[in-house]
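Student: Could you give me a close look at one loop in this model, with the backbone as the main interest? After that, carry on into the rest, and keep it relaxed.

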Amino acid sequence: MTGTGTLLRFMLRRDRMRILWWTLGIAALYAGGLGEYLLLDDPEARAARSLLLSSPAMVSMSGPGYGLDDYTPGAAVANELVLWVLLALSVMSILQVVRHTRAEEESGRSELVRAGAVGRHAPSVAALLLVVVMNTVVALTSGAVVAAQGLDAAQSFAMTFATALGALVLGAVALVAAQVYEHGRGAAGASLAVLGAAFLLRAVGDVRERHGSPLSWVSPIAWVQQTRVFVDLRWWPLVLCVVAIVGLLALAAFLGSRRDHAAGLVAVRPGRADARPALTGPLPLAWVQQRGALLWTVLGLGVLWLGSGTIIREVPRALDAVAGNPVYDALLGSEGGLGGEEQMIRTFLGIFGLYIAAGAAAYGVAAVLRAKGEEETGRTELALAAPVSRGRWLAGPLTIALLGTATVQVTGALALWLGAVSTGYDELALGEYLELGLVYLPALAVLVALAAALHAWVPRATGLAWAMVGYVFVVGMFADLFDLPAWSRRISPFWWVGSPALGDVEPARLWGLAGVAVVLLLLAFAGFRRRDVPTL
Amino acid sequence: MTAAPAIEIHDLRKSFGDVQALAGLDLSVGPGEVRGFLGPNGAGKSTTIRVLLGLLRADSGTARLFGGDAWRDAVALHRRLAYVPGDVSLWPTLTGGECIDYLARISGRGDRARLRARKAELLESFELDPRKKARTYSKGNRQKVALVAAFLTEPELYVLDEPTSGLDPLMEAVFTRYVREARDEGRAVLLSSHILSEVEKLCDTVTIIRNGTAVESGTLAELRHLTRTSVTAVVDGDPAAVAGLPGVHDLVTTPSDGGTRIAFDVDDARVGAVLGAVSTLGVRGLTATPPSLEDLFMRHYGDVPGAAATGTR
């Protein structure tokens with residue numbers, strides 16, 4: 001293990017910006033979540049939220065439900081937010097471990113390192129220490145953020161450190177996977193699959209029985225949640241985390257000593273020697289490259305919207321309890337009263353419509369910006385050196401992005417409907433959900449086309465497309481709450497869509513959006529035709 | 001094939017911000033010609049190639065392929081050429097075989113049966129396993145994928161930018177064989193390379209570029225005349241007479257077996273006169289090494305291009 005310290009310092013230096021962003025991101029997640037829970041300042045609001053959180057759908061997306069009898073902000077954070085923070089930190093730990101172990105070996109960089117006075121296990125140990133440091137920093141910062149909001153300090157830090165410990169279990173899983181798989185993607189994929197299984201087992205286990213069934217206890221996520229922090233803190237479930245980490249590390253060390261450098265324990269399967277006949281140009285290639293991401297986005301977001309659909313039935317009861325709270329009114333746009341039950345549900349559907357569209361927008365921008373990645377790696381050059389015009393090349397990723405965004409959007413609306421009817425709520429017809437999905441398509445096209453145009457004219461500024469996705473969501477969600485001026489709302493393409501769930505949509509505006517999208521697309525093609533590839 | 005040269009570059013200029021990458025470059029490659037394109041890192045080789053491929057737009061000057069404008073007629077011209085970059089990045093989810101097929105198909109050349117037979121032959125020659133995912137290939141194997149794809153479609157022009165980086169000597173020999181075959185079939189090749197032995201083996205003509213402009217251009221034989229021959233001799237007489245002759249450089253004398261060992265470089269234009277003078281000293285042994293491309297290279301790669309260039313004239 002010689003050289004571990006040096007390697008760790010080097011990793012910390014390489015990743016200092018990552019550490020900063022993860023810390024800020026998690027702190028912001030806590031601060032944002034708490035802002036909502038601090039609204040639970042009267043018994044009625046608590047009772048309403050507790051009721052909402054008792055539905056199976058919400059249990060699957062929160063925790064085992066400790067403290068629901070007296071749902072204080074602390075109990076709410078522990079029950080609802082810990083799951084998501086733990087997922088985020090687990091993803092962080094997995095990616096960091098793989099990045100500094102298997103991915104380094106794959107790239108050949110670690111060969112340089114290992115040639116120095118560095119022990120066989122040093123990179124693994126250093127990578128593990130790195131995620132320990134990162135999780136500790138995040139736990140300290142976010143614990144302070146939670147405590148600063150007026151929650152019990154000891155419980156706050158107990159919560160954030162328990163979460164960090166849970167994330168380290170997945171970090172240790174990744175370290176084992178890094179020994180087994182020959183490639184970084186395989187190792188990360190396998191570890192994320194373990195995380196997914198942990199999520200599902202905990203969800204199913206907790207839905208079966210309040211406060212968790214034996215099935216829940218298989219999952220590391222439950223070990224953290226079962227500490228009952230902010231309700232009736234107990235430490236011993238964390239022992240399971242420690243045992244798991246030690247066991248996994250021993251396994252990783254055992255496997256690591258048995259394999260060659262840069263080799264895995266699982267061989268990679270050979271693929272096709274000849275391309276399928278359909279692979280004839282940039283469009284089929286973009287499809288081959290992006291179909292996996294599209295499938296997973298449709299499935300992942302689909303599950304989320306399906307779950308959301310299952311709570312639609314409960315909405316009126318929950319909303320009744322918070323009616324009159326000015327913050328909720330601003331969020332729901334219900335200053336004039338909530339109206340009848342159907343009206344309440346429609347108001348809520350409007351918000352889900354926005355969520356679904358924001359998810360589709362994020363997919364769309366990511367998909368179209370794959371073109372940027374292609375260019376940075378030099379693959380665009382390889383294609384353009386063949387008789388392939390700039391326009392034909394750009395049309396590949398752009399077509400997939402546009403069609404993919406529409407697919408994510410429409411399947412999202414369908415999933416919402418499916419969730420609603422599965423719980424027996426059929427007041428609203430399928431057509432209404434579909435319409436809710438379809439009206440956003442022109443606005444989504446504007447966002448995708450904007451990303452393409454930025455890529456074509458100022459590749460360095462493609463970050464603006466992401467900023468726009470965030471802005472669109474903020475305007476849609478918080479415009480009334482923050483009292484944003486009218487002109488600033490109009491910058492958001494979604495503002496022009498109106499309130500589809502309430503039937504407040506002007507077709508002329510949708511045509512206008514479509515027009516803007518077409519203009520941006522033409523600009524994108526014109527710009528990409530005239531600029532240098534790659535831009536230096 | 002048309003009468004127009006495969007590549008014709010005249011007074012080409014290109015700047016990136018304040019940095020002038022190309023400053024009036026001239027270059028031409030005709031059919032059946034293998035042109036070596038040499039120069040230190042950052043001299044503008046890759047920029048030149050990217051302009052030729054219509055990827056970068058030149059600020060001024062002309063870059064023509066087969067008589068057509070490299071930027072405006074890019075798509076049509078690319079039907080007639082193949083490109084191999086120095087650092088090949090492949091589509092990670094495709095296998096090597098799929099990448100080769102894809103590149104061949106978008107090149108729009110060759111009929112299917114011919115391509116299939118030739119692909120099998122090239123894969124065997126380059127010892128490439130086409131069933132592995134591109135992301136798992138080493139640098140050398142990625143390079144092989146691009147080479148196979150290029151040689152597969154038999155274009156009129158090969159644009160090769162350090163194509164053999166990462167290849168082992170055996171594979172370099174295979175590469176050499178295919179380039180020769182292409183040349184014998186009348187195809188043109190622009191070969192940017194740092195491997196001098198490769199250039200000496202393959203190239204008929206050479207252009208050396210430095211700071212965005214061609215500092216030497218001609219056949220290898222012509223260029224050799226601009227360099228010096230290294231002479232080592234053991235003589236009985238006093239070598240001082242030789243030291244003073246024009247064209248003699250870096251004379252070193254060491255006592256040897258009762259005589260004197262002298263070693264010096266001599267400008268090729270002066271070889272006759274200098275050797276005449278040496279022979280009057282009572283030569284016991286003499287070796288003369290012809291100028292290598294490496295000498296030529298070092299001269300132009302040196303820090304002071306002006307001084308080095310004038311030194312040879």
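Tutor: Let's fix one cut-off before anything else: a residue is buried if 20 or more other C-beta atoms lie within 10 Å of its own, exposed if 12 or fewer, and partly exposed in between. Bear in mind too that this is a predicted model.

The loop I'd pick sits between α10 (184-208) and α11 (220-225) of chain A, and the residue to click on there is His211(A). His211(A) has 14 other C-beta atoms within 10 Å, which means that it is partly exposed. Now check its backbone: phi of His211(A) is near 70°, a positive value although the residue is not glycine. For background, most residues other than glycine have a negative phi, and most peptide bonds are trans.

Chain B offers a second residue of this kind. Glu162(B) has a phi near 45°, again positive in a residue other than glycine. Its place is the loop between β7 (157-161) and α6 (169-184) of chain B. The count there is 21 other C-beta atoms within 10 Å, so Glu162(B) is buried. Put side by side, His211(A) is partly exposed, whereas Glu162(B) is buried.

Peptide bonds deserve a look as well. The one joining Val533(A) and Pro534(A) is cis, with omega about -5°. To find it, go to the segment after α24 of chain A, which is where Pro534(A) lies.

That brings us to α24 itself and its partner. Helix α19 (residues 390-422) and helix α24 (residues 507-530), both of chain A, have axes that come within 9 Å and cross at roughly 130°. At that angle, α19(A) is oblique to α24(A). As for hand, the crossing of α19(A) and α24(A) is right-handed. From α19(A) the contact takes Arg390(A), Gly391(A) and Leu394(A), and from α24(A) it takes Ala524(A), Phe525(A), Phe528(A) and Arg529(A). Sorted by class, the residues of this contact of α19(A) with α24(A) are four nonpolar, one polar and two charged.

Stay on α19 of chain A a moment longer, since Leu414(A) is in that helix. With 18 other C-beta atoms within 10 Å, Leu414(A) counts as partly exposed. One C-alpha pair to pull up is Leu414(A) with Leu306(A): the two are 108 residues apart along the chain, and 8.4 Å separates them in space.

Now zoom out on chain A. The domain assignment splits chain A into domain 1 (4-258) and domain 2 (282-530), and the C-alpha centres of these two domains of chain A are 30 Å apart. For chain B, the assignment gives domain 1 (7-223) and domain 2 (228-290), with 43 Å between their C-alpha centres.

Chain B has 12 helices and 14 strands. Its C-alpha trace spans about 75 × 45 × 35 Å along the principal axes, and 44% of its 313 residues are buried. If you like contact maps, consider the contacts in chain B with a separation of 6 or more: 70% of them come from residues 24 or more positions apart.

For a worked example inside chain B, try Ala150(B) in helix α5 (residues 139-152). Ala150(B) has 26 C-beta neighbours inside 10 Å and therefore counts as buried. Setting aside its neighbours within four places in sequence, Ala150(B) is in contact with Ala82(B), Val84(B) and Tyr158(B). The C-alpha atoms of Ala150(B) and Ser107(B) are 9.3 Å apart, with the two positions 43 residues apart along the chain.

Last stop, the meeting of the two chains. Here 32 residues of chain B are in contact with 29 residues of chain A. On the chain B side, the elements giving two or more residues are α2 (74-78) and α3 (96-107). The largest share of that side, eight residues, is from α3(B). By class, the side of chain B touching chain A comes out as 14 nonpolar, eight polar and 10 charged residues.

Definitions and conventions
Residues are numbered from 1 along each chain as its sequence is written. Chains are lettered from A and ligands numbered from 1 in the order in which they are written. This is a predicted model: local features need pLDDT of at least 70, side-chain atom pairs count only at pLDDT 80 or more; totals for chains, interfaces and linings use all residues. Axes are lines fitted to C-alpha atoms, for helices over the stretch in contact, and angles run from 0 to 180 degrees between N-to-C directions. Helices (H or I, at least four residues) and strands (E, at least two) are DSSP runs, numbered from the N terminus. Angles under 35 degrees count as roughly parallel, over 145 as roughly antiparallel, 65 to 115 as roughly perpendicular and the rest as oblique. A crossing is left-handed if the near helix is turned anticlockwise from the far one by less than a right angle, and right-handed if clockwise. Two residues are in contact if their C-beta atoms, placed from the backbone, lie within 7 Å. Ala, Val, Leu, Ile, Met, Phe, Trp, Tyr, Cys and Pro count as nonpolar, Asp, Glu, Lys and Arg as charged, and the others, Gly among them, as polar. Domain bounds come from an automatic or database domain assignment.
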